[in-house]
Amino acid sequence: MDKEGNAVSLIHSLYGGFGSTVVAGDTGVVLQNRSAYFSLDPSHPNKLEPGKIPLHTLIASIGKRHGKLWSVVGCMGADGQPQIQLQAYVAMMDFGCDIQQALEAPRWLSGRFAIGEARDTLHIEGRFPTQTLQTLEERGHTLNRWPAWNELAGHAHGITIDPVSGVKSGGSDPRSDGAAIGY
């Protein structure tokens, strides 16, 4: 965010381990293959066409409150990205957490992270109360209990701006390298 209040939310992502496996000239920059979710098949539901936003997980966000910039959040974590964003925004909006508290909250992700896993697996960090885990299992959820601060739970970073005072607060996910730095 610059001194005029302009903000950008971005995600640096290659998608596959080596992206597209194409390097931009002699720059050393590996090009991404994030459009792997899109389809050029005209009968495919995720076809690329004018006016359509194809399903994908690049969801860097900019949020507003009362018509003013309030948040800039970006995260990585494959198919978990929408779930990570949801959990961060719920923590801030419904539970009054600041951006750092929201990013540090225990995280869960639903879906398959490895070949052979059931698609309905609920991956959950070990910092949730034991009773919560037991109740989820009693209700029929298949749990994959991750250790605390598991890197597989994604990495998120963000800024919030108080709409009254203009004070900016940054947050950096402790599950990865990074830092919230102001000027």
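The expected span of a helix is 1.5 Å times one less than its number of residues. Helix H1 (residues 81-95) offers a case: at 1.5 Å a residue, its 15 residues should span 21 Å, and its end C-alpha atoms are 20 Å apart, which agrees. Helices (H or I, at least four residues) and strands (E, at least two) are DSSP runs, numbered from the N terminus. The model is predicted, so that local features need pLDDT of at least 70 and side-chain atom pairs count only at pLDDT 80 or more, while totals for chains, interfaces and linings use all residues. Residues are numbered from 1 along each chain as its sequence is written, and side-chain values use heavy atoms, with hydrogens and water left out.

The sheet comes next. Four strands form an open sheet in the order S1-S2-S6-S7, with antiparallel pairing; two strands pair if DSSP finds at least two bridges between them. Strand S1 (61-65) and S7 stand at the edges, each with a single partner strand, so one side of each is left without a neighbour in the sheet. From one strand to the next the twist averages 15°; axes are lines fitted to C-alpha atoms, for helices over the stretch in contact, and angles run from 0 to 180 degrees between N-to-C directions.

At one edge, S1 and strand S2 (residues 68-76) pair over 5 bridges, and isoleucine 62 stands opposite valine 72 in S2. At the other, strand S6 (residues 155-161) pairs with strand S7 (residues 168-172), also over 5 bridges. Here glycine 158 has glycine 171 in S7 as its bridge partner. The hairpin of S6 and S7 has 6 residues between the strands, and in it glycine 166 takes a positive phi near 80°.

Threonine 160 belongs to S6 and is buried, with a relative accessible area of 12%. Buried means under 20% relative accessible area, exposed over 50%, and partly exposed in between (1.4 Å probe, protein chains only). Among the residues that threonine 160 touches are Trp70, Met92, Ile99 and Val167, where contact means heavy atoms within 4.5 Å.

Helix H1 lies across S1, S2 and S6, running at about 140° to S2. Its buried residues include Ile84, Gln87, Tyr89 and Met92, and what covers the buried residues of H1 includes S1, S2, helix H2 (99-104), strand S3 (108-110) and S6. After H1 comes glycine 96, whose phi is positive, near 70°.

Glutamine 87, a residue of H1, counts as buried at 15% relative accessibility. Its contacts include Pro106, Arg107, Trp108 and Leu109. The side chain of glutamine 87 reaches the backbone oxygen of tryptophan 108 at 2.7 Å. The C-alpha atoms of glutamine 87 and leucine 103 are separated by 8.6 Å, with these positions 16 residues apart along the chain counted as their spacing.

The nonpolar interior completes the picture. A nonpolar core is a set of buried Ala, Val, Leu, Ile, Met, Phe, Trp, Tyr and Cys residues joined through side-chain atoms within 4.5 Å. Of the 15 residues in the largest such core, Ile84, Tyr89, Met92, Ile99, Leu103 and Ala156 touch the most other members. S2, H1 and H2 each supply at least two residues of this core, and H1 gives the most, with 5 residues. Apart from it lies another core, of 6 residues, among them Leu122, Phe128, Leu133 and Leu143.

Technical notes. Polar contact = N/O pair within 3.5 Å; in protein donor to acceptor, adjacent residues only side chain to side chain. Lists of a residue's contacts leave out its neighbours within four places in sequence.
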